[in-house]
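Hi everyone, thanks for coming. I'd like to walk you through a structure I've been looking at, so have a look at it while I talk.

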Amino acid sequence: MATAAAVSPALAAEHVPVDVPLEALEVPLGMQTPHLATGLPVPVPGVPEGPVHHTGELLPNPVLPAVPLTGELAPTLASTPVPDLLGTGRNGEAKLSAPASDMVAKTPGAVVGAPVLLPDGDHFGLPALTKPQLGILTPALQGDPGALLGLS
């Protein structure tokens, strides 16, 4: 995916099409196989928010900022033959179709607290020791995918 994004900037916010070749399984299984066509999203990194210095803390936070990513879930089409269960003399087909949808994600980030406090007069101007603190910023994924199922 990284190569596809680097080769063509026009692919940004699109996807790389993938057609899953399941036809080779028809002979060993002795039945028709489903057809699946979809795509891989090409994530486009955005600009992370920079660290911010907070009053009373030695280190700016977040030390490792969350990186926003945008991309598009590819349209997906899956179809499979359905045997004649009602005795009408013809086989049917089940289809699942999902249109393309935009996705927004954020990578995890990290917040770190220094193992020393700010210097003060109680310790002759030397910083006091404290327990180091570590926090993880949770990753996020946001989108609105949908799908339609039909029988024919």
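**A walk through the model**

Let's start with one residue, Ser 101: its relative accessible area is 9%, so it counts as buried. By the way, what you see on the screen is a predicted model. Ser 101 sits in strand β7, which covers residues 101-106. And what does Ser 101 touch, leaving out residues up to four places away in sequence? The list is Gly 71, Glu 72, Leu 73, Asp 144 and Pro 145.

Okay, let's zoom out from there to the sheet. Strand β7 belongs to an open sheet of four strands, in the order β3-β4-β7-β10, and the pairing is antiparallel. At the edges you find β3 and β10, and β10 is residues 140-143. Each of those two has a single partner strand, so one side of each is left without a neighbour in the sheet. If you look at β7 and β10 together, they pair in the antiparallel sense over four bridges. To find that spot on your screen, look for Lys 106, which stands opposite Ala 140 in β10.

Here's a handy thing to remember for any sheet: in a regular strand the side chains alternate between the two faces.

Now the other sheet I want to show you. This one is open too, with five strands in the order β1-β2-β5-β6-β11, and again the pairing is antiparallel. Which strands stand at its edges? They are β1, residues 15-20, and β11, residues 148-151. Both have a single partner strand, so one side of each has no neighbour in the sheet. On average, neighbouring strands here are turned by 15 degrees against each other, ignoring direction.

Let's go through two of the pairings. Strand β5, residues 76-82, pairs with β6 in the antiparallel sense over seven bridges. Ser 79 has Lys 95 in β6 as its bridge partner. Then β6 itself, residues 92-98, pairs with β11, also in the antiparallel sense, over four bridges. In that pairing, Ala 94 stands opposite Leu 151 in β11.

Next, a couple of loops. Thr 33 is in the loop between α2 and β2, where β2 is residues 35-41. Is Thr 33 buried or exposed? Its relative accessibility is 11%, and the cut-off for buried is under 20%, so Thr 33 counts as buried. Leaving out residues up to four places away in sequence, Thr 33 touches Leu 22, Glu 23, Leu 25, Glu 26 and Pro 81. Compare that with Pro 21, in the loop between β1 and α2, which is residues 26-29. Pro 21 has a relative accessibility of 64%, so it counts as exposed.

While we're on prolines, find Pro 62, in the loop between β3 and β4, with β4 being residues 68-73. A cis peptide bond joins Asn 61 and Pro 62, with omega at about -5 degrees.

Let's step back and take in the whole protein. How many helices and strands are there? Two helices and 11 strands. Along the sequence, the pattern reads α-β-α-β-β-β-β-β-β-β-β-β-β. The radius of gyration is 26 Å, well over the 15 Å that the globule rule gives for 152 residues, so the protein is more spread out than a compact globule. The C-alpha atoms fill a box of roughly 95 × 35 × 30 Å along the principal axes. You can get a feel for that from Thr 33 and Gln 133: they're 100 residues apart in sequence, and their C-alpha atoms are 54 Å apart in space. Of the 152 residues, 14% count as buried. The accessible surface comes to about 10,800 Å², with 67% of that belonging to carbon and sulfur atoms.

Last thing: how confident is the predictor? The mean pLDDT of the protein is 83, and 91% of the residues reach 70 or more. Among the elements, strand β3, residues 44-45, has the highest mean pLDDT at 92, and helix α1, residues 2-7, has the lowest at 48. Over residues 1-5 the pLDDT is below 50, and beyond near neighbours in sequence that stretch has seven contacts in the model. Where pLDDT is low, the predicted coordinates should not be read in detail.

That's it from me, thanks for listening!

Definitions and conventions:
Residues are numbered from 1 along each chain as its sequence is written. This is a predicted model: local features need pLDDT of at least 70, side-chain atom pairs count only at pLDDT 80 or more; totals for chains, interfaces and linings use all residues. Side-chain values use heavy atoms; hydrogens and water are left out. Two strands pair if DSSP finds at least two bridges between them. Axes are lines fitted to C-alpha atoms, for helices over the stretch in contact, and angles run from 0 to 180 degrees between N-to-C directions. pLDDT is the predictor's confidence in each residue, from 0 to 100. Contact means heavy atoms within 4.5 Å. The radius of gyration is taken over C-alpha atoms; the globule rule is 2.2 Å times the number of residues to the power 0.38. Buried means under 20% relative accessible area, exposed over 50%, partly exposed in between (1.4 Å probe, protein chains only). Accessible areas come from the Shrake-Rupley method with a 1.4 Å probe; for residues, only the protein chains shown count as cover.
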